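Here are some exercises to work through with the structure open beside you. Try each task yourself before you read its solution.

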Amino acid sequence: MENHDENKEGIGGMINPRRYGIERVAYLLMRLSGLGLLAYFIGHIYETSSILKGQVGWNEFLALTQTNEGHAILAIVIAMCVFHTVNGIRVMLGHGGVGVGKPARPDYPYIPASQNARHKMGIYSAIVLAAIAMMYGLAVMFGE
Amino acid sequence: MTLVPSIAEEQASTPLSSAKSITLRIARFNPEHDGERKFMEFTIPYEKWTTVLEAILEVKKHFDHSVAVRYSCRQATCGSCGMMINGKPRLACFTKISELDSDVITVEPMNNFPIIRDLAVKFERLFDTHHKIKPYLIRDDSEITSNEKEFLQTPEEVEQYIQFSNCIKCGLCNSACPTMATDSSFVGPQALAQAYRYVADSRDKGKDTRLKIIDDSHGIWRCHFAGSCSQVCPKGVDPAMGIQFLRGYLLGFRS
């Protein structure tokens, strides 16, 4: 529901990747992969805690990851992990002011130096590496 | 004696392209008595140089004078006419209809700003956060009390901050920012970029004071370097760059 008092865009506006280029897509993917990895981390702790039920309980739970659905989820986790790592390095460097250009008198049409080709390459590299890692993971898991 | 055609004749002989027209959709909303936003549609003729602001003023002149819009300089200097134009924050006076490449143009009030009425929004919070970061030179002496006549700077020192002094406080960056979309307490890219403008000024001695102000849970740490602020800035300020440099001081990347 629209909040007229503050006229905030809300979460719908925050996650909309269509208006501001690849940087906003990376922003969305970074958030989604971060949440996904957090969910996986919690699930992983739950899964490993099943060892307290003995070897039978451990094997039963481990069998869940050996299904097609389990493999698909693991492949997505691999992609999220690679994207979050590579893009995270880019963002961390950017946060320190590394590779965001130098201040200069702006000239029309005012191409922002902070959105430079190096950062775009970093984003595309993160996406491509994540896709390659996911495909490799799928090949290993389903290629048996 | 040769006959010189008058200016009026010259203009009349110029083939007009005003046969071209667009549908202008204007968001109408009065928070005092309206429950939800409504859109009114107008068919407006335009030339290749016609701006969105001129189209809105055409509506006010010929169709509905009650449309509320704030504007002043009409040359991207005053920062008054920011609004959402086809879904992106832009200055209406700086956006030509012909460059939008659309037969339908939708204008709405800027996101993340409370609406006064229709296209006019409140700027109080923008100005509050701007004041919060102390947007002036901080030092013990002044050019009046100092023995020096003025505080000299080299061209290189000026270059460090001049880009950021182009800010016209139009609020487009705050409207595009994904953090501003959900966090009402975030100081915002406009104020953070202005904090860097003064921190980077060699005449200023208030760096530690400003860094302390922005080192807050709703301060600079809520910026995630999405860069949308820089993409919509109509003056080439590049707030994202300034914010990352500013954070570089806090993280120890810069000194």
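**Exercise 1. Find how many residue pairs are in polar contact across the interface of chain A and chain B, then describe the side of chain A that touches chain B.**

Solution. Keep in mind that this is a predicted model.
- Step 1: Across the interface, 21 residue pairs are in polar contact, counting pairs with both residues at pLDDT 80 or more.
- Step 2: Look at which helices take part. In chain A, α1 (10-14), α2 (21-49) and α4 (68-95) each supply at least two residues of the side that touches chain B.
- Step 3: Of the elements in chain A, α2(A) gives the most to this side, with five residues.
- Step 4: Sort the touching side of chain A by class: there are 13 nonpolar, twelve polar and twelve charged residues.

**Exercise 2. State how many residues of each chain are in contact, and what area is buried between chain A and chain B.**

Solution.
- Step 1: Contact involves 37 residues of chain A and 54 residues of chain B.
- Step 2: The size of an interface is often given as the accessible area lost when the parts come together.
- Step 3: Between chain A and chain B this buried area is about 3,600 Å², and carbon and sulfur atoms give 55% of it.

**Exercise 3. Locate the salt bridge across the interface, then study another one within chain B.**

Solution.
- Step 1: The rule finds one salt bridge across the interface of chain A and chain B.
- Step 2: Its partners are Arg105(A) and Glu159(B), whose closest N and O atoms are 3.6 Å apart. This passes the cut-off of 4 Å.
- Step 3: Over all chains, a search of the whole structure finds twelve salt bridges.
- Step 4: One pairs Arg28(B) with Asp64(B), with the closest N and O atoms 2.9 Å apart.
- Step 5: Arg28(B) lies in strand β1 (residues 21-28) and Asp64(B) in the loop between α2 (52-62) and β3 (82-85) of chain B, so this pair ties together parts 36 residues apart in sequence.

**Exercise 4. Name the residues of the nonpolar surface patch of about 650 Å².**

Solution.
- Step 1: From chain A come Ile89(A), Met92(A), Leu93(A) and Val98(A); from chain B come Trp221(B), Leu251(B) and Phe253(B).
- Step 2: α4(A) provides the largest share, three residues.
- Step 3: Phe253(B) sits in the segment after α10 (239-251) of chain B.

**Exercise 5. Describe the backbone at Pro109(A) and Asn112(B).**

Solution.
- Step 1: Most residues other than glycine have a negative phi, and most peptide bonds are trans.
- Step 2: The peptide bond from Tyr108(A) to Pro109(A) is cis, with omega near 10 degrees. Pro109(A) is in the loop between α4 and α5 (117-142) of chain A.
- Step 3: Asn112(B), although not a glycine, has a positive phi of about 70 degrees. Asn112(B) is in the loop between β5 (104-108) and β6 (115-117) of chain B.

Methods. Residues are numbered from 1 along each chain as its sequence is written. Chains are lettered from A and ligands numbered from 1 in the order in which they are written. This is a predicted model: local features need pLDDT of at least 70, side-chain atom pairs count only at pLDDT 80 or more; totals for chains, interfaces and linings use all residues. Side-chain values use heavy atoms; hydrogens and water are left out. Contact means heavy atoms within 4.5 Å. Buried area is the accessible area (1.4 Å probe) that two parts lose on being put together, summed over both. A salt bridge is a side-chain nitrogen of Lys or Arg within 4 Å of a carboxyl oxygen of Asp or Glu. A polar contact is a pair of N or O atoms within 3.5 Å; within protein, one must be able to donate a hydrogen and the other to accept it, and residues adjacent in sequence count only if both atoms are side-chain atoms. Helices (H or I, at least four residues) and strands (E, at least two) are DSSP runs, numbered from the N terminus. Ala, Val, Leu, Ile, Met, Phe, Trp, Tyr, Cys and Pro count as nonpolar, Asp, Glu, Lys and Arg as charged, and the others, Gly among them, as polar. Patches are made of residues with over 30% relative accessible area and no salt bridge: like charges are joined within 9 Å, nonpolar side chains (Val, Leu, Ile, Met, Phe, Trp, Tyr) within 5 Å. Accessible areas come from the Shrake-Rupley method with a 1.4 Å probe; for residues, only the protein chains shown count as cover.
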